[in-house]
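The following paragraphs lead through a protein model, from its sheets to a few single residues. Please keep the structure in view while reading.

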Amino acid sequence: MDEPKATGCFSAYDYGLKSPAPSTCTPRSKVSPCQYSDRLIPSRAATDLGTGLSLLEADENSFRGLNSSTATRGTPDDENKAVYDRLLRSELLGLTTPPTNGKGGDMDEPAILGTPERRSLFRYRSSPNSPLDDLAGQQPSQSASPLPLPLPLPLPFLSGGLMDSPAPPRPTTRKIPQEPFRILSAPRLEDDFYLNALDCSGSDVLAVGLRSCVDTFCMRTGQAARLCDLGSCGNTVTSVTWAKAGNGTHLAVGTLMGEVQIYDVVTGRKLRSMGGHQRRVAALAWHGPFLATGSRDADISFRDVRLPDCHATCLRGHSQEVCGLKWSPDGQHLASGGNEGTILIWVPGSDVPVQRLAEHEAAVKALAWSPHRRGLLASGGGTADKHLRVWNALNGTCISSVNTCSQVCDLLWSQSTDEIVTAQGYSGNEVHIWRSQGLSKVATLSSHMARVLHLAASTDGQTIITGAGDETIRFWSVFPPCARPRAATAAAPPSQAIAGVGSSLGRLTIR
């Protein structure tokens with residue numbers, strides 16, 4: 001008997017609705033064959049989207065409950081998925097239930113098991129519950145007449161408060177250039193750890209001690225000049241610092257013979273000369289009209305330069321050379337660092353230190369007060385110590401410390417960011433930038449060929465200036481500008497001095 005031949009066409013059956021009948025059943029009446037194409041077009045008439053999404057959400061909630069002991073916090077992907085699910089329900093089903101916890105995490109709401117109103121995804125008439133009718137306060141339209149396609153509705157109209165919670169801000173990273181944007185040649189810049197021969201005024205005028213001379217360089221105009229030359233009397237410059245009061249045109253110069261001289265940079269004239277020390281003056285610090293000077297004779301002199309006789313109050317507490325002096329921003333405390341590794345905190349009107357910080361094991365020349373938090377002091381130790389420490393100078397406790405792996409020659413606390421800059425000597429010869437909280441390293445600037453001895457900052461706080469034993473001064477754009485305004489007028493050197501010959505800083509080279 002011949003077997004029946006294939007008809008050459010495929011039959012389709014929906015196995016999700018009903019099981020197929022056994023082949024041994026009684027033959028039914030002949031039905032006209034259906035013609036099928038090769039495309040599968042699903043029918044959404046029997047699909048209940050609301051129930052399906054509710055059951056899916058219930059399964060996910062139960063799965064999270066089973067794993068709550070191992071996962072205490074959802075990942076960002078889970079939160080994004082939850083927000084996406086709510087948006088999907090809002091756009092497709094009209095369910096605009098806002099989240100209860102204000103975040104994109106799980107929602108404590110019962111599962112919706114009821115069958116919502118069946119509606120087509122693509123409709124050509126207004127919905128009985130149109131969001132626009134609700135917003136306008138009008139009665140729903142009962143007309144079923146065909147209307148033009150509605151314009152796309154903005155997301156806030158359909159989704160309500162689902163996206164009200166703002167996204168967390170993304171952390172921003174600051175790009176710090178690794179090369180200086182300007183290099184000055186500074187011949188005869190002494191390679192001596194104990195000297196403080198570089199400072200920047202409030203008008204962006206840089207003063208540099210070059211052995212027996214003091215040169216100035218205006219950062220805004222690029223002009224250099226020679227302020228003074230002590231070589232005729234056999235003296236050398238050991239420290240320079242600008243007065244912070246007034247228009248910032250007065251410069252104090254410490255010398256090898258223990259003398260302190262004050263100059264008016266605008267006129268180029270020496271205003272006065274003060275004694276009181278027996279050996280070199282390597283540390284100077286201004287606060288208003290008061291000038292503190294530290295010497296190799298281990299004494300600190302405190303002067304009011306407004307007095308004609310310039311009477312000095314002597315502060316004794318160090319056993320070796322005073323190599324670091326810094327006033328706090330409010331002028332209530334004076335920090336002094338000695339070669340014996342001790343930091344003393346002084347208050348005006350008292351000749352006894354209120355705090356003694358003695359954790360460093362080498363000379364402390366690098367000192368810097370925080371401009372952001374009162375009483376916070378940073379200090380750096382010499383070759384035998386190599387540590388950067390942050391202190392609470394009000395109670396004498398060390399908050400944090402880190403081993404910098406090289407000699408700390410100078411410190412600077414940024415005005416615009418809460419970061420600390422260290423000038424490193426043996427054997428790194430680098431510039432490090434640290435976060436003040438935790439002392440984690442932000443960046444390292446490696447350009448100098450010898451140890452970096454001096455640090456200064458521009459008026460806007462954006463540029464730092466470094467001076468090194470390789471006889472170069474380098475300018476780095478490191479920080480964003482600070483909020484405080486710049487000085488109105490620049491204390492530039494006089495035009496006749498700028499046009500003169502003999503300034504070593506006039507030879508500007510870009511490397």
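A residue counts as buried when its relative accessible area is under 20%. By that cut-off, six of the six residues of strand 18 (residues 364–369) are buried, so strand 18 is largely enclosed by the rest of the structure. The model discussed here is predicted.

Strand 18 is joined to strand 19 (residues 376–381) by five bridges, and the two run antiparallel. One of the facing pairs is Trp369 with Leu377, the latter in strand 19. The two strands form a hairpin with six residues between them, and in this hairpin Gly375 has a positive phi near 80 degrees.

The protein as a whole sets the frame for these details. It contains five helices and 29 strands. Of its 511 residues, 43% count as buried. Among contacts between residues at least 6 apart in sequence, 49% link residues at least 24 apart. The accessible surface amounts to about 28400 Å², and carbon and sulfur atoms account for 54% of that area.

Two of the sheets can be followed strand by strand. Strands of a sheet pair through backbone hydrogen bonds, in either a parallel or an antiparallel sense. One open sheet has four strands in the order 2-3-4-5, paired antiparallel. Its edges are strand 2 (198–200) and strand 5 (224–229); each has a single partner strand, so one side of each lacks a neighbour in the sheet. Neighbouring strands in this sheet are turned by 20 degrees against each other on average, with direction ignored. Within the sheet, strand 3 (residues 205–210) and strand 4 (residues 213–218) pair in the antiparallel sense over six bridges. Leu210 faces Cys213 of strand 4.

Strands 2 and 3 also lead into the interior. Which residues have the most contacts inside the largest nonpolar core? They are Leu198, Leu206, Val208, Phe217, Ile465, Ile473 and Phe475, in a core of 15 residues. At least two residues of this core come from each of strand 2, strand 3 and strand 28 (472–477). Strand 3 gives the largest share, three residues. Ile465 shows how distant parts of the sequence meet here: leaving aside neighbours within four places in sequence, its contacts include Leu198, Leu206, Met219, Ile473 and Phe475. Other contacts of Ile465 include His454, Leu455, Ala456, Ala457 and Ser458.

A second open sheet of four strands has the order 6-7-8-9, again with antiparallel pairing. Strand 6 (237–242) and strand 9 stand at its edges, and because each has a single partner strand, one side of each is left without a neighbour in the sheet. From one strand to the next, the twist averages 25 degrees. Strand 6 and strand 7 (residues 250–255) run antiparallel and are joined by five bridges. Val237 has Thr255 of strand 7 as its bridge partner.

Beyond strand 9 (269–274), the chain passes through a loop to strand 10 (281–287), and Arg280 lies in that loop. Is Arg280 buried or exposed? Its relative accessibility is 9%, so Arg280 counts as buried. The side chain of Arg280 makes a polar contact of 3.5 Å with the side chain of Asp192. Apart from neighbours within four places in sequence, Arg280 is also in contact with residues including Thr238, Thr255, Leu256, Gly258 and Glu321. Tyr194, Leu195, Gly294, Ser295 and Arg296 are among its further contacts.

Three places in other loops have backbone geometry to check in the model. The peptide bond from Tyr426 to Ser427 is cis, with omega near 0 degrees. Ser427 sits in the loop between strand 23 (419–424) and strand 24 (431–435).

The other two are residues with positive phi that are not glycines. Arg188 has a phi of about 70 degrees and is located in the loop between strand 1 (182–185) and strand 2. Its relative accessibility is 32%, so Arg188 counts as partly exposed. Leu439 has a positive phi of about 55 degrees and is placed in the loop between strand 24 and strand 25 (441–445). With 4% relative accessibility, Leu439 counts as buried.

Notes
Residues numbered from 1 in each chain as written. Heavy atoms only, no water. Buried < 20%, exposed > 50% of the residue type's maximum accessible area, 1.4 Å probe, protein only. Polar contact = N/O pair within 3.5 Å; in protein donor to acceptor, adjacent residues only side chain to side chain. Contact = heavy atoms within 4.5 Å. Pairing = 2+ DSSP bridges. Axes fitted to C-alpha atoms, helices over the stretch in contact; angles between N-to-C directions. Core = buried A, V, L, I, M, F, W, Y, C linked by side-chain atoms within 4.5 Å. Areas by Shrake-Rupley, 256 points an atom, 1.4 Å probe, with all protein chains shown as cover.
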